[in-house]
Structures are given as C-alpha cells and as structure tokens.
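Hi,

Here is the structure I promised to hand over. Have a look at it first, and then read on for what turned up.

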Amino acid sequence: MLMTAFGGLMWLIFTAMLVLAVVALVLAAIAREDAYRAADKQNKVFWLIILGITVAVNLLVPMLFLQLAGLVATIVFFVDVRPALRQVSGGGRGRSGGSSSDGPYGPYNGGR
C-alpha cells in the first residue's frame, strides 16, 4: 500500500516536471529572437535546445538525475529569462505603472 502511494506521488512529480518543461519550451519558442539579445540572455536556439532536451529526457529517460538537471534549467528559464524577455518585449499583464487608458505618449484624457 505504501509503495503504491509512493509510486503515485512520483508519477505526479514527474508529470508536473514534464508539464513545466513543455510550457517553458512553448514560451521560449514564442518569444522573439531579438528579445533574447536585448535582455542580454543566451540566444533563442540555446534555450530551445536546452528545454527540448529537458522534454525529451522527461519523456524517454527515467533517470532522476537528468530530470532534476532539466528541472533546474526550466526553473532558470521561468525565474530569470522569461521575466527579462517580458520586460524587454513590453510586458503584458502586470506592467508596473500606467492604466488601461494610457496611450503611447501618456494618458488619454478624452480630448480635454
């Protein structure tokens, strides 16, 4: 019984690591190449290769050490690279300052 619960927990952890790696790979592929250079990070091809290998290892090679190395790479992408890319690319949700009525040259005040 205990081994069954442990096996289920490990399957859940490995699945979560795979999902995180796939999401990171998709986000890395969507980002523009010039954003990587502007953010002074490794280039897009580097991150696509690293995250692609991570996804492949999570799917094909059940070696915990390699999966943990891939998890570290995924965490680095989410914590360091992606915020820098979002800042360079103009943000999206959660931009600091500004409001929904701001235009490219400042706030829009309705022609007043």
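Searching the whole structure, which is a predicted model, turns up three aromatic pairs. One of them joins F46 and W47: the ring centres are 5.4 Å apart and the planes sit at 85°, so this pair is edge-to-face. The two partners differ in cover, since F46 is partly exposed at 34% relative accessibility, whereas W47 is buried at 6%.

W47 also pairs with F77, and here the geometry is tilted, with 5.7 Å from centre to centre and 55° between the planes. That pair links distant parts of the chain, because W47 belongs to helix 3 and F77 to helix 4, 30 residues apart. F77 is buried as well, with a relative accessibility of 1%. Put the ring pairs together and you get a cluster of F46, W47, F77 and F78.

Where do W47 and F77 sit in the bigger picture? Both belong to the largest nonpolar core, which has twelve residues in all. The other members are A24, A28, A31, A35, Y36, A39, L51, V81, A84 and L85. Helix 1 (2-30), helix 2 (33-38), helix 3 (44-60) and helix 4 (64-89) each put in at least two residues, and helix 4 gives the largest share, with four. As general background, nonpolar side chains in soluble globular proteins tend to be buried together.

A84, from that core, has contacts worth a look in your viewer: leaving aside residues up to four places away in sequence, A84 touches A39 and K41.

K41 brings me to the charged side chains. How many salt bridges does a search of the whole structure find? There are three.

- K41 and D80 meet with N and O 3.0 Å apart. This pair links distant parts of the chain, with K41 in the loop between helix 2 and helix 3, D80 in helix 4, and the two positions 39 residues apart. K41 is partly exposed at 25% relative accessibility, and so is D80 at 38%.
- D34 bridges to R32, and the closest N and O atoms are 2.9 Å apart. D34 counts as partly exposed at 34% relative accessibility, and R32 counts as partly exposed at 45%.
- R37 and E33 meet at 4.0 Å, N to O. They are four residues apart in helix 2, which means about one helical turn separates them. R37 is exposed, with a relative accessible area of 58%, while E33 is partly exposed at 29%.

If you flag the R37 and E33 bridge as borderline, fair enough: the N to O distance is 4.0 Å, and the cut-off used for a salt bridge is 4 Å.

Now for the overall layout. The protein chain has four helices and two strands, and from the N terminus the order of elements is α-α-α-α-β-β. How many of the 112 residues count as buried? The share is 21%. The exposed surface of the protein chain comes to about 8000 Å², with 69% of that supplied by carbon and sulfur atoms. Among contacts with a separation of 6 or more, 61% are between residues 24 or more positions apart.

If you only open one spot, I would start at W47, which is buried, belongs to the largest nonpolar core and has ring pairs with F46 and F77.

Cheers

Technical notes:
Residues are numbered from 1 along each chain as its sequence is written. This is a predicted model: local features need pLDDT of at least 70, side-chain atom pairs count only at pLDDT 80 or more; totals for chains, interfaces and linings use all residues. Side-chain values use heavy atoms; hydrogens and water are left out. Buried means under 20% relative accessible area, exposed over 50%, partly exposed in between (1.4 Å probe, protein chains only). Contact means heavy atoms within 4.5 Å. Accessible areas come from the Shrake-Rupley method with a 1.4 Å probe; for residues, only the protein chains shown count as cover. A nonpolar core is a set of buried Ala, Val, Leu, Ile, Met, Phe, Trp, Tyr and Cys residues joined through side-chain atoms within 4.5 Å. Rings of Phe, Tyr and Trp (its six-membered ring) pair if their centres lie within 6.5 Å; planes under 30 degrees apart count as stacked, over 60 as edge-to-face and the rest as tilted.
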